Number of protein chains: 2
Amino acid sequence: MSSANTDTRTRILMAALKLLEADDGSAVRMSDIAKEAGISRQAVYLHFPTRAELLVAATLYLDEIKDIDGRLAASRNAPDGTARLAAYIDAWGNYIPEIYGVARALLAMQATDEAAKLALAERMQAVRHGCAAVVQALGNDGILSPDHSAEQATDILWTMLSIRNWEQLTIECGWSQEAYIEKTKVLATACLVSDEN
Amino acid sequence: MSSANTDTRTRILMAALKLLEADDGSAVRMSDIAKEAGISRQAVYLHFPTRAELLVAATLYLDEIKDIDGRLAASRNAPDGTARLAAYIDAWGNYIPEIYGVARALLAMQATDEAAKLALAERMQAVRHGCAAVVQALGNDGILSPDHSAEQATDILWTMLSIRNWEQLTIECGWSQEAYIEKTKVLATACLVSDEN
DNA sequence: CATGTCAATTTACACAGTGTCAAGCAAAGG
DNA sequence: CCTTTGCTTGACACTGTGTAAATTGACATG
């Protein structure tokens, strides 16, 4: 039946997420996921033809659970460009640690697997669209730095908000999540908002 | 003989670098390197016990060839903090594309291989030291932004100059190398240099 | 009740890539 | 001439992914 089908599929995804959120995300094997889900390794392949597709499905499932769309959408209600920038950094920046385990596995896979690469690129493009909207709002307020075109400003914000940068600042440099958020707001403002005022 | 030994070892490293600089760096296998060097796969293992150690040796060899130390040292002669920041971004930023192939392979390996991870971390710490020196110079000139401690400023510059950011801006966003260098200078200045003056 | 279907199982296997091991060979140097 | 050094060939173990075939158990429908 379709519901039992969905249950097993969901169990696999939950098992994958649980393991990916543990310390070493990239080392999760199909057999580990199967064991965690309480089914055979081959049964996993009945639901997901490849490891890459399982990981992609896991990220989509995670987005659904965490309601990333709703959280990012909240930043669209901010009254002006500056508030919108801050709200977007809050929403996305605080989302990163929740998806880091899965993202890390996907990030590692993209080096070798084309499917993983495309899936990740697609998801990152969604973030880029959010950045473009923020830049647009800054432009509408007339406070976008004249140093950059809208396109360049989007590239800059998108790069500042990359998962890799979050990883480097929090995990490698030891910044707290709060410090990361606050500093990123300050830096993004310094880079994108014109200072005459 | 020791010289013949060194010759073969060097041939292996040159072969590895040649392949790693080609399009898909992470897919270079031990057998590919052996073939390129004109020796058997097993002979490679006589010189390098693991793939990770070969890659690490390749980066060290590349640094030697490209004289990274000399190039980074040049920035130490800059007259003031601002010039030193610009010189450092010039030196390191223009070095990145030359080592990108090898760096990418090492970056991909660090997800699974502890040796690769440590080697890369060590090399990146060298860059971080350069960043710390630049921040120190800015501090001596009294123009370091009061928003950040010296440590934080170092973390920020180091993160801005990461290979991942170069990759995202030039390869994914399509910026030219010149644009990357110029923009990075502007952004680093906006983030680190206090604007009262 | 018989039949078909569908999920999942077990077992087995193909394949790629890393790393190990053993035997042998060719050249240089005492 | 004999030993050492550097490399070769060939075989093999191991891990992890993905494929395939035969089987079981549940359940629904004629």
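1. A residue counts as near a strand if one of its heavy atoms lies within 4 Å of that strand. In this predicted model, 58% of the atoms of DNA strand D within 4 Å of the protein belong to sugar or phosphate, and the rest belong to bases.

2. Around DNA strand D there are 18 residues, of which Arg29(A), Thr8(B), Ser40(B), Ala43(B) and His47(B) come nearest. By class, the surface near this strand divides into seven nonpolar, eight polar and three charged residues. H3(B) gives the largest share of that surface, four residues, while H3 of chain A and helix H1 (2–21) of chain B are among the elements that each supply at least two.

3. Several contacts with DNA strand D involve phosphate oxygens: a polar side-chain atom of Arg29(A) lies 2.7 Å from one, and an N or O atom in the side chain of His47(B) is 2.7 Å from one. For Met30(A), it is a backbone N or O atom that lies 3.5 Å from a phosphate oxygen of the strand.

4. Turning to DNA strand C, 15 residues surround it, and Thr8(A), Ala43(A), His47(A), Arg29(B) and Arg41(B) come nearest. The surface near strand C holds six nonpolar, six polar and three charged residues, and its largest share, four residues, comes from H3(A).

5. Which part of DNA strand C does the side chain of Gln42(B) approach with an N or O atom? That atom is 3.2 Å from a base oxygen, whereas a polar side-chain atom of Ser40(A) lies 2.9 Å from a phosphate oxygen, and a backbone N or O atom of Arg51(B) lies 2.9 Å from a phosphate oxygen of the strand.

Technical notes. Residues are numbered from 1 along each chain as its sequence is written. Chains are lettered from A and ligands numbered from 1 in the order in which they are written. This is a predicted model: local features need pLDDT of at least 70, side-chain atom pairs count only at pLDDT 80 or more; totals for chains, interfaces and linings use all residues. Side-chain values use heavy atoms; hydrogens and water are left out. A polar contact is a pair of N or O atoms within 3.5 Å; within protein, one must be able to donate a hydrogen and the other to accept it, and residues adjacent in sequence count only if both atoms are side-chain atoms. Ala, Val, Leu, Ile, Met, Phe, Trp, Tyr, Cys and Pro count as nonpolar, Asp, Glu, Lys and Arg as charged, and the others, Gly among them, as polar.
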